[in-house]
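Please read the following account with the sequence and the coordinates open beside it. The paragraphs move from helix packing to buried segments and then to individual residues.

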Amino acid sequence: MHFELRVLSFLTELTSVGFLLERRFMKIRSSFLFVSALVAVSATSGVSQAATLSCPNLDKIEEVFYQQHVLYREPTPQIEERTIEQYIKRLDSAKIYLLQSDIDQIKKDLKGIFTALHKGECGGLEKVQKLFEARVQDRATFAKKTLTSKSFKFDPKTEVVLDPDSRKYAKNKKEADDFQSKYLQFQVSNYLATDMKQADAQAQVVRNYERVVKRVKDTKAEDIYSGYLDSFARALDPHSSYFSADSLDDFEISMSLSLEGIGATLSSQDGFTVIEQLIDGGSAKASGKLQAQDKIVAVGQLKDTDKPEMDNVVEMELRDVVKKIRGPKGTKVRLEILRKQDKGGTEHLFVDLTRDKIKLEEDAAALSFIDKDVNGEKKKVAILNLPSFYADSRKGGRSSASDMKKLLKEAREKGADALVLDLSQDGGGSLDDAVKIAGLFFKTGNVVKQGGQLNGLLGGMTAQALDDRDPEVDWAGPLIVLTSRISASASEIVAGTLKDYQRAVIVGGTSTFGKGSVQSVVPLPPKLGAVKVTVGMFYTAGGYSTQHRGVPGDIVLPSIYATDDIGEDKLDYSLKPDHIPAFLSPDAYVTSGPNA
């Protein structure tokens, strides 16, 4: 097939799915470098204790961002314009549904949105949603008409430019139809590539469009408001964002590496919730009754009865299904399962599970060993993979720094001659853990300085030093830090600090991602989620901000991430880089020997 596929990070079939994919990639690119809530209770005192996100709260939540942001303290015409741009991108990032005239109308309807929200008026957002619903229905109708027509022919030589940055919005319905005619060829080709028959492929694409129509029409007001707030946050800088109550749950799970549930990874496929993976330590796997690719068709809560009311979850949003399945440790849930039989046909079964606390080990630090022959002498190399800088602030909670300390002890005890710290897939995480982890490899001394708005705006700001005060050196031997273009934030603090102190050789990408900002997660009243806001910039001990510059590699290796399309400076509204005088600590240097 000769499709011209010039695709960036969020090539998608359907724009609603596309935005989620873009956000998933943003999680890797942006990282979650954060300081646990630095904000006094008064920061959210103006937000009402509403059970759900409502229009009157939007203006108050925006004010929380302004109270904490490193650069922006009040609304401006520029921020309003950016907010509208981000909201349009959220609706139709792939430029499939909206016409240029729609874009003009949306900008008109949302002009003055800050003033309207201050008055508690959300009519503009509701009007935009109705327009978007109409355009999604238009595209679904066209898709069905085209793919159910007897005259439709699949043309493998179709050329279509999918990259939305390389296309403009369609000027009129004819241009939209012309593009979608080619796009439908691409969508059908995706299913043909899986050996699906053409008639089935066409029917599947039609069903996909119908599901998007249903999803958009079922959008709740609080989802519209949540989407708007996240668009506003991203208008400030690439790493500020709004967490809905659901998103906050996911964030806390990712940082603590644990959740309370049944221990299964789920996905949404063709309207069904499908079990992708059973997690070790979870009741789903321990029961021996569930399998990968089982479809969950109904969920019931087992309380005081053995016959709970079963809620049908077919065609239900995945996040809503997850809500029904997750729950406190010790509570019980019943799943109705649809399983495809090897010899054809399907089987229905009911599975009762007790929820428990699940540890997500696949995202935890892990140690392995390889043997290398060096000049005829056998050497043992320890490889310590750190996928993220996780930290559970609750008493007895797990942290990446404490896990790393244990693994370094194991590496010493097993006689490792050298260590590779793999941060090549690490998008960041806890600032506190980054400081502690850097300190595992040298004596005492400065690691990073953090500057925020209380010390002035960007440029010449006074910065506060964060240092390692533990004199123990947990690994004093040869050290390589493996990086890539997607190593970001906390990864850059560790790599940059160890490079500044000449403690490690940096191997991998030409540079890391280039994220040099610090975010704080500020909880809102119950059910309203939280805001993640950029509160400062950070600088490694050499005085460099990693903003845009990243951490240069000493030895550069080929990589699929070695592209200029990936980097902080490519993100919308990225903050400018900065630098301060070096603040290296002479006592930090390691010369030789264990615990030198």
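In this predicted model, helix 13 and helix 14 cross in a right-handed sense. Helix 13 covers residues 400-413 and helix 14 covers residues 431-439, and their axes come within 8 Å of each other while crossing at roughly 20°. Because angles under 35 degrees are classed as roughly parallel, helix 13 and helix 14 are therefore described as roughly parallel to each other. On the side of helix 13 the contact is made by S400, A401 and M404, and on the side of helix 14 by D433, K436 and I437.

A second pair of helices, helix 3 and helix 9, also has a right-handed crossing, with the axes 8 Å apart and an angle of about 125° between them. With that angle, helix 3 and helix 9 are therefore oblique to each other. The residues that helix 3 brings to this packing are I79, R82, T83, Q86, Y87 and R90, and they meet a set in helix 9 that includes I224, G227, Y228, F232 and L236. The spacing within such sets can be read against a general property of helices: an α-helix has 3.6 residues a turn, so residues three or four places apart point the same way.

Y228, one of the helix 9 residues in that packing, appears again in the nonpolar interior. The largest nonpolar core has 119 residues, and Y228 and F441 are the members that touch the most others. Among the elements that supply this core, helix 6 gives the most, with nine residues. A second core, separate from this one, has 18 residues and includes I275, L278, V313 and V333.

What does F441 touch when its neighbours within four places in sequence are left aside? The contacts of F441 are M404, L408, L419, L421, V473, W475, L479, L498, R503 and V590. One of these, M404, also belongs to the helix 13 side of the contact with helix 14, and another, L498, is among the buried residues of helix 15. Helix 15, which spans residues 490-500, is mostly covered, since 10 of its 11 residues are buried. The buried set of helix 15 holds charged and polar names such as E492, T497 and D500 beside I493, V494 and L498. After helix 15 comes Q502, whose phi is positive, near 55°.

Helix 2 offers a comparable question of burial: why can helix 2 be called largely enclosed by the rest of the structure? The reason is that 10 of the 14 residues of helix 2 are buried, and these include C55, L58, I61, V64 and F65. C55 is also one partner of a disulfide with C122, in which the sulfur atoms are 2.0 Å apart. A search of the whole structure finds one disulfide. The torsion about the S-S bond of C55 and C122 is about 100°, so the disulfide is right-handed. This pair links distant parts of the chain, with C55 in helix 2 and C122 in the loop between helix 5 and helix 6, 67 residues apart. Both C55 and C122 are buried.

Two further residues show how buried positions are surrounded by their contacts. L98 lies in the loop between helix 3 and helix 4, and because its relative accessibility is 2%, L98 counts as buried. Apart from its neighbours within four places in sequence, L98 is in contact with D92, I103, I106, F132, R135, Y169 and A170. N172 is 74 residues from L98 along the chain, yet the C-alpha atoms of L98 and N172 are separated by 9.5 Å.

V299, in strand 6, has 0% relative accessibility and so counts as buried. The contacts of V299, again leaving aside neighbours within four places in sequence, include E309, M310, D311, K324, I325 and L335, together with V313 and V333, and these last two are members of the second core. The C-alpha atoms of V299 and E309, which are 10 residues apart along the chain, are separated by 8.3 Å.

For the protein chain as a whole, there are 15 helices and 20 strands, and 53% of the 596 residues count as buried. Among contacts between residues at least 6 apart in sequence, 74% join residues at least 24 apart.

Technical notes. Residues numbered from 1 in each chain as written. Predicted model: local features only at pLDDT ≥ 70, side-chain atom pairs only at ≥ 80, totals over all residues. Heavy atoms only, no water. Disulfide = S-S within 2.5 Å. Helix = DSSP H or I, 4+ residues; strand = E, 2+ residues; numbered from the N terminus. Buried < 20%, exposed > 50% of the residue type's maximum accessible area, 1.4 Å probe, protein only. Core = buried A, V, L, I, M, F, W, Y, C linked by side-chain atoms within 4.5 Å. Contact = heavy atoms within 4.5 Å. Axes fitted to C-alpha atoms, helices over the stretch in contact; angles between N-to-C directions. Parallel < 35°, antiparallel > 145°, perpendicular 65-115°, else oblique. Left-handed = near helix turned anticlockwise from the far one by under 90°.
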